[in-house]
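I open a notebook on a protein that is new to me. I want to look up its core, its surface and its rings.

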Amino acid sequence: TLGMTVFMCLLGLPMITRGGMYVFQLMDFYAASGMSLLWCVFFQTIAICWVFGAKRFYLCIEEMIGYRVSMYWYVCWVLLAPAFMLFIFVFYFVKYTPITMGDYQYPPWGEALGFMISLSSMLWVPGYAIYFLLSTPGTWREVLQAGITPVIQPRAEALCAEVRVGLDNTKEFSDVEQNLMERTDDSFDQMEEKGHDEDHDKEGSVEEKVALTVEFEKNLVEEPNLNQ
(Lines give C-alpha, C1' and ligand atoms only; values in the text may rest on other atoms or scores of the structure.)
Protein backbone atom coordinates (compact mmCIF):
# COMPACT_ATOMS: atom_id res chain seq x y z
CA THR A 1 0.00 0.00 0.00
CA LEU A 2 2.80 2.41 0.86
CA GLY A 3 4.60 1.68 -2.40
CA MET A 4 1.44 2.27 -4.43
CA THR A 5 0.76 5.51 -2.57
CA VAL A 6 4.26 6.80 -3.32
CA PHE A 7 3.96 5.72 -6.96
CA MET A 8 0.64 7.51 -7.44
CA CYS A 9 2.03 10.59 -5.71
CA LEU A 10 4.94 10.68 -8.16
CA LEU A 11 2.52 10.36 -11.06
CA GLY A 12 0.57 13.33 -9.77
CA LEU A 13 3.57 15.63 -9.32
CA PRO A 14 3.71 16.76 -12.99
CA MET A 15 0.14 18.06 -12.67
CA ILE A 16 1.15 20.69 -10.09
CA THR A 17 3.79 22.22 -12.32
CA ARG A 18 3.20 25.22 -14.60
CA GLY A 19 2.26 22.91 -17.45
CA GLY A 20 0.27 20.58 -15.22
CA MET A 21 -3.07 21.60 -16.71
CA TYR A 22 -1.95 20.35 -20.11
CA VAL A 23 -0.92 17.02 -18.60
CA PHE A 24 -4.24 16.80 -16.78
CA GLN A 25 -6.16 17.51 -20.00
CA LEU A 26 -4.19 14.77 -21.75
CA MET A 27 -4.97 12.26 -18.99
CA ASP A 28 -8.63 13.25 -18.85
CA PHE A 29 -9.15 13.04 -22.62
CA TYR A 30 -7.42 9.72 -23.25
CA ALA A 31 -7.82 7.85 -19.96
CA ALA A 32 -10.45 9.00 -17.47
CA SER A 33 -13.34 9.82 -19.81
CA GLY A 34 -12.11 8.59 -23.17
CA MET A 35 -12.55 5.47 -25.26
CA SER A 36 -10.67 3.23 -22.83
CA LEU A 37 -13.54 3.41 -20.34
CA LEU A 38 -16.13 2.72 -23.07
CA TRP A 39 -14.00 -0.17 -24.37
CA CYS A 40 -13.89 -1.87 -20.95
CA VAL A 41 -17.60 -1.31 -20.30
CA PHE A 42 -18.48 -2.77 -23.71
CA PHE A 43 -16.68 -6.02 -23.03
CA GLN A 44 -18.08 -6.18 -19.50
CA THR A 45 -21.57 -5.94 -20.98
CA ILE A 46 -20.77 -8.68 -23.50
CA ALA A 47 -19.32 -10.91 -20.78
CA ILE A 48 -22.30 -10.51 -18.45
CA CYS A 49 -25.18 -10.58 -20.94
CA TRP A 50 -23.85 -12.88 -23.67
CA VAL A 51 -21.44 -15.18 -21.81
CA PHE A 52 -22.86 -15.37 -18.29
CA GLY A 53 -26.29 -14.91 -19.80
CA ALA A 54 -28.81 -12.09 -19.62
CA LYS A 55 -31.48 -14.49 -18.35
CA ARG A 56 -29.25 -15.55 -15.45
CA PHE A 57 -28.47 -11.91 -14.73
CA TYR A 58 -32.19 -11.09 -14.87
CA LEU A 59 -32.97 -13.84 -12.35
CA CYS A 60 -30.11 -12.72 -10.09
CA ILE A 61 -31.60 -9.24 -9.89
CA GLU A 62 -35.01 -10.74 -9.15
CA GLU A 63 -33.54 -12.73 -6.26
CA MET A 64 -31.80 -9.64 -4.89
CA ILE A 65 -34.70 -7.18 -5.03
CA GLY A 66 -37.63 -9.60 -4.73
CA TYR A 67 -39.47 -8.85 -7.96
CA ARG A 68 -38.91 -8.89 -11.70
CA VAL A 69 -37.83 -5.70 -13.40
CA SER A 70 -39.27 -4.59 -16.71
CA MET A 71 -38.21 -6.48 -19.85
CA TYR A 72 -37.06 -3.11 -21.16
CA TRP A 73 -33.87 -3.53 -19.13
CA TYR A 74 -33.34 -7.00 -20.57
CA VAL A 75 -33.52 -5.60 -24.10
CA CYS A 76 -31.11 -2.81 -23.12
CA TRP A 77 -28.56 -5.24 -21.71
CA VAL A 78 -28.66 -7.61 -24.67
CA LEU A 79 -29.10 -5.28 -27.66
CA LEU A 80 -29.39 -1.55 -27.08
CA ALA A 81 -26.42 -0.95 -24.76
CA PRO A 82 -23.84 -2.93 -26.81
CA ALA A 83 -25.15 -1.43 -30.07
CA PHE A 84 -24.95 2.15 -28.78
CA MET A 85 -21.48 1.63 -27.31
CA LEU A 86 -20.21 0.11 -30.55
CA PHE A 87 -21.73 2.98 -32.54
CA ILE A 88 -20.12 5.60 -30.27
CA PHE A 89 -16.77 3.83 -30.45
CA VAL A 90 -16.78 3.73 -34.27
CA PHE A 91 -18.13 7.29 -34.53
CA TYR A 92 -15.33 8.50 -32.25
CA PHE A 93 -12.64 7.34 -34.65
CA VAL A 94 -14.54 8.46 -37.76
CA LYS A 95 -14.95 11.99 -36.38
CA TYR A 96 -11.70 12.06 -34.42
CA THR A 97 -10.09 15.48 -33.98
CA PRO A 98 -6.70 16.05 -32.34
CA ILE A 99 -6.78 17.15 -28.72
CA THR A 100 -6.51 20.86 -28.04
CA MET A 101 -6.64 23.16 -25.04
CA GLY A 102 -7.75 26.62 -25.99
CA ASP A 103 -5.51 27.73 -28.83
CA TYR A 104 -2.82 25.22 -27.94
CA GLN A 105 -2.40 22.28 -30.34
CA TYR A 106 -0.79 19.22 -28.80
CA PRO A 107 2.26 17.94 -30.69
CA PRO A 108 2.18 14.50 -32.36
CA TRP A 109 4.23 12.95 -29.55
CA GLY A 110 1.63 14.24 -27.08
CA GLU A 111 -1.17 12.50 -28.96
CA ALA A 112 0.96 9.36 -29.19
CA LEU A 113 1.44 9.49 -25.42
CA GLY A 114 -2.32 9.84 -24.98
CA PHE A 115 -3.02 6.78 -27.13
CA MET A 116 -0.43 4.83 -25.16
CA ILE A 117 -2.25 5.79 -21.97
CA SER A 118 -5.51 4.51 -23.43
CA LEU A 119 -3.94 1.30 -24.73
CA SER A 120 -2.42 0.60 -21.32
CA SER A 121 -5.88 -0.39 -20.11
CA MET A 122 -7.50 -1.46 -23.40
CA LEU A 123 -4.91 -4.04 -24.46
CA TRP A 124 -5.54 -6.21 -21.40
CA VAL A 125 -8.87 -7.40 -22.80
CA PRO A 126 -7.61 -8.89 -26.09
CA GLY A 127 -4.26 -9.64 -24.47
CA TYR A 128 -5.72 -12.01 -21.92
CA ALA A 129 -7.95 -13.57 -24.58
CA ILE A 130 -4.87 -14.40 -26.66
CA TYR A 131 -3.03 -15.68 -23.59
CA PHE A 132 -5.99 -17.92 -22.70
CA LEU A 133 -6.16 -19.35 -26.23
CA LEU A 134 -2.44 -20.11 -26.31
CA SER A 135 -2.05 -21.47 -22.77
CA THR A 136 -5.18 -23.63 -22.49
CA PRO A 137 -4.77 -27.23 -23.76
CA GLY A 138 -7.17 -28.62 -26.33
CA THR A 139 -8.38 -27.77 -29.80
CA TRP A 140 -9.34 -24.23 -30.75
CA ARG A 141 -13.00 -25.14 -30.52
CA GLU A 142 -12.58 -26.72 -27.07
CA VAL A 143 -10.59 -23.74 -25.81
CA LEU A 144 -13.14 -21.27 -27.15
CA GLN A 145 -15.97 -23.27 -25.59
CA ALA A 146 -14.15 -23.30 -22.24
CA GLY A 147 -13.47 -19.58 -22.48
CA ILE A 148 -17.10 -18.58 -22.98
CA THR A 149 -18.54 -21.06 -20.48
CA PRO A 150 -19.13 -19.45 -17.07
CA VAL A 151 -17.71 -21.36 -14.11
CA ILE A 152 -20.06 -20.70 -11.21
CA GLN A 153 -19.55 -22.08 -7.71
CA PRO A 154 -22.66 -20.92 -5.83
CA ARG A 155 -22.61 -20.68 -2.06
CA ALA A 156 -24.77 -23.09 -0.10
CA GLU A 157 -26.75 -20.17 1.30
CA ALA A 158 -27.55 -18.94 -2.22
CA LEU A 159 -28.83 -22.34 -3.30
CA CYS A 160 -30.95 -22.65 -0.17
CA ALA A 161 -32.40 -19.19 -0.77
CA GLU A 162 -33.37 -20.22 -4.31
CA VAL A 163 -35.10 -23.35 -3.00
CA ARG A 164 -36.83 -21.31 -0.30
CA VAL A 165 -38.19 -18.89 -2.86
CA GLY A 166 -39.46 -21.77 -4.99
CA LEU A 167 -41.24 -23.36 -2.05
CA ASP A 168 -42.75 -20.11 -0.90
CA ASN A 169 -44.11 -19.31 -4.36
CA THR A 170 -47.07 -21.54 -3.49
CA LYS A 171 -48.27 -18.54 -1.48
CA GLU A 172 -49.04 -15.14 -2.94
CA PHE A 173 -46.18 -12.90 -1.89
CA SER A 174 -44.97 -9.91 -3.86
CA ASP A 175 -41.67 -9.59 -2.02
CA VAL A 176 -39.21 -12.32 -1.05
CA GLU A 177 -37.98 -10.34 1.95
CA GLN A 178 -41.54 -9.95 3.22
CA ASN A 179 -41.92 -13.70 2.87
CA LEU A 180 -38.84 -14.34 4.98
CA MET A 181 -39.80 -11.78 7.61
CA GLU A 182 -43.17 -13.47 8.18
CA ARG A 183 -41.49 -16.62 9.46
CA THR A 184 -41.66 -17.00 13.24
CA ASP A 185 -38.74 -16.38 15.55
CA ASP A 186 -38.86 -20.01 16.68
CA SER A 187 -38.43 -21.20 13.10
CA PHE A 188 -35.39 -19.00 12.67
CA ASP A 189 -33.94 -20.27 15.93
CA GLN A 190 -34.26 -23.83 14.69
CA MET A 191 -32.68 -22.88 11.40
CA GLU A 192 -29.72 -21.22 13.15
CA GLU A 193 -29.16 -24.29 15.34
CA LYS A 194 -29.05 -26.52 12.28
CA GLY A 195 -26.79 -24.09 10.44
CA HIS A 196 -24.46 -23.75 13.45
CA ASP A 197 -23.89 -27.49 13.63
CA GLU A 198 -23.46 -27.59 9.89
CA ASP A 199 -20.79 -24.86 9.85
CA HIS A 200 -18.56 -26.85 12.18
CA ASP A 201 -18.03 -29.47 9.49
CA LYS A 202 -15.37 -27.67 7.47
CA GLU A 203 -14.60 -30.75 5.41
CA GLY A 204 -18.21 -31.28 4.31
CA SER A 205 -19.05 -30.60 0.69
CA VAL A 206 -21.38 -27.85 -0.50
CA GLU A 207 -23.83 -30.47 -1.74
CA GLU A 208 -24.14 -32.01 1.74
CA LYS A 209 -24.78 -28.60 3.29
CA VAL A 210 -27.40 -27.76 0.69
CA ALA A 211 -29.16 -31.11 1.10
CA LEU A 212 -29.34 -30.71 4.90
CA THR A 213 -30.60 -27.13 4.74
CA VAL A 214 -33.11 -27.82 1.98
CA GLU A 215 -34.56 -30.71 3.97
CA PHE A 216 -34.99 -28.43 6.95
CA GLU A 217 -36.56 -25.73 4.75
CA LYS A 218 -39.16 -28.19 3.51
CA ASN A 219 -40.00 -29.10 7.10
CA LEU A 220 -40.48 -25.42 7.92
CA VAL A 221 -42.95 -25.00 5.08
CA GLU A 222 -44.97 -27.96 6.33
CA GLU A 223 -45.09 -26.67 9.91
CA PRO A 224 -48.08 -24.48 10.90
CA ASN A 225 -47.42 -20.83 11.44
CA LEU A 226 -46.99 -20.31 15.18
CA ASN A 227 -48.25 -16.75 14.99
CA GLN A 228 -51.68 -17.80 13.82
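**Entry 1: a ring pair in a helix**

I start with Phe87. It counts as exposed, because its relative accessibility is 53% and the cut-off for exposed is over 50%. I note that this is a predicted model. Next I check Phe91. At 44% relative accessibility, Phe91 counts as partly exposed.

How far apart in helix H4 are Phe87 and Phe91? They are 4 residues apart, so about one helical turn separates them. I then look at the rings themselves. The ring centres of Phe87 and Phe91 are 5.9 Å apart and the planes are at 20°, so I log the pair as stacked.

**Entry 2: more rings**

I look up the total next. The structure holds 18 aromatic pairs. One of them joins Phe57 and Trp77, and this pair is edge-to-face. Its centres are 4.9 Å apart, with 70° between the planes. Phe57 sits in helix H3 and Trp77 in helix H4, 20 residues apart, so I write down that the pair links distant parts of the chain.

Is Trp77 buried or exposed? I find it buried, because its relative accessible area is 18% and buried means under 20%. Phe57 has a relative accessible area of 25% and is partly exposed.

I also trace a cluster linked by ring pairs. Its members are Phe29, Tyr30, Trp39, Phe42, Phe43, Phe89, Tyr92, Phe93, Tyr96 and Phe115.

**Entry 3: the core**

I turn to the inside. Nonpolar side chains tend to be buried together in soluble globular proteins, so I look for cores. How many residues does the largest nonpolar core have? I list 12: Leu26, Tyr30, Met35, Leu38, Phe42, Ile46, Met85, Phe89, Tyr92, Ile99, Tyr106 and Met122. Three elements give two or more residues to this core: helix H2 (20–32), helix H3 (35–65) and helix H4 (71–94). H3 gives the most, with 4 residues. Apart from this core lies another, of 7 residues. I find Ala54, Ile61, Trp77 and Val78 among them.

I pick Ile99 from the largest core and look up its contacts. I leave aside neighbours within four places in sequence. Ile99 is then in contact with Gln25, Leu26, Phe29, Tyr30, Gln105, Tyr106 and Glu111.

**Entry 4: the surface**

I move outward. A nonpolar patch lies on the surface, formed by Met15, Met21, Tyr22, Val23, Phe24, Met27 and Tyr104. Together these residues have about 580 Å² of accessible area. Which element gives the most to the nonpolar patch? I find that H2 does, with 5 residues.

I single out Val23, which I place in helix H2. Its relative accessible area is 32%, and I log Val23 as partly exposed. Patch residues need over 30% relative accessible area, so Val23, at 32%, passes that cut-off.

**Entry 5: the whole protein**

I finish with the overall view. I count 11 helices and 2 strands. From the N terminus on, the elements run α-α-α-α-β-β-α-α-α-α-α-α-α.

The protein has 228 residues, and buried residues make up 22% of them. I look up its accessible surface as well, which comes to about 16900 Å². Carbon and sulfur atoms hold 66% of that surface.

Last, I check contacts between residues at least 6 apart in sequence. Of these, 64% join residues at least 24 apart.

Notes: Residues numbered from 1 in each chain as written. Predicted model: local features only at pLDDT ≥ 70, side-chain atom pairs only at ≥ 80, totals over all residues. Heavy atoms only, no water. Core = buried A, V, L, I, M, F, W, Y, C linked by side-chain atoms within 4.5 Å. Buried < 20%, exposed > 50% of the residue type's maximum accessible area, 1.4 Å probe, protein only. Contact = heavy atoms within 4.5 Å. Patch = residues over 30% accessible without salt bridge, like charges linked within 9 Å, V, L, I, M, F, W, Y side chains within 5 Å. Areas by Shrake-Rupley, 256 points an atom, 1.4 Å probe, with all protein chains shown as cover. Salt bridge = Lys/Arg side-chain N within 4 Å of Asp/Glu carboxyl O. Phe/Tyr/Trp six-rings, centres within 6.5 Å; stacked < 30°, edge-to-face > 60°.
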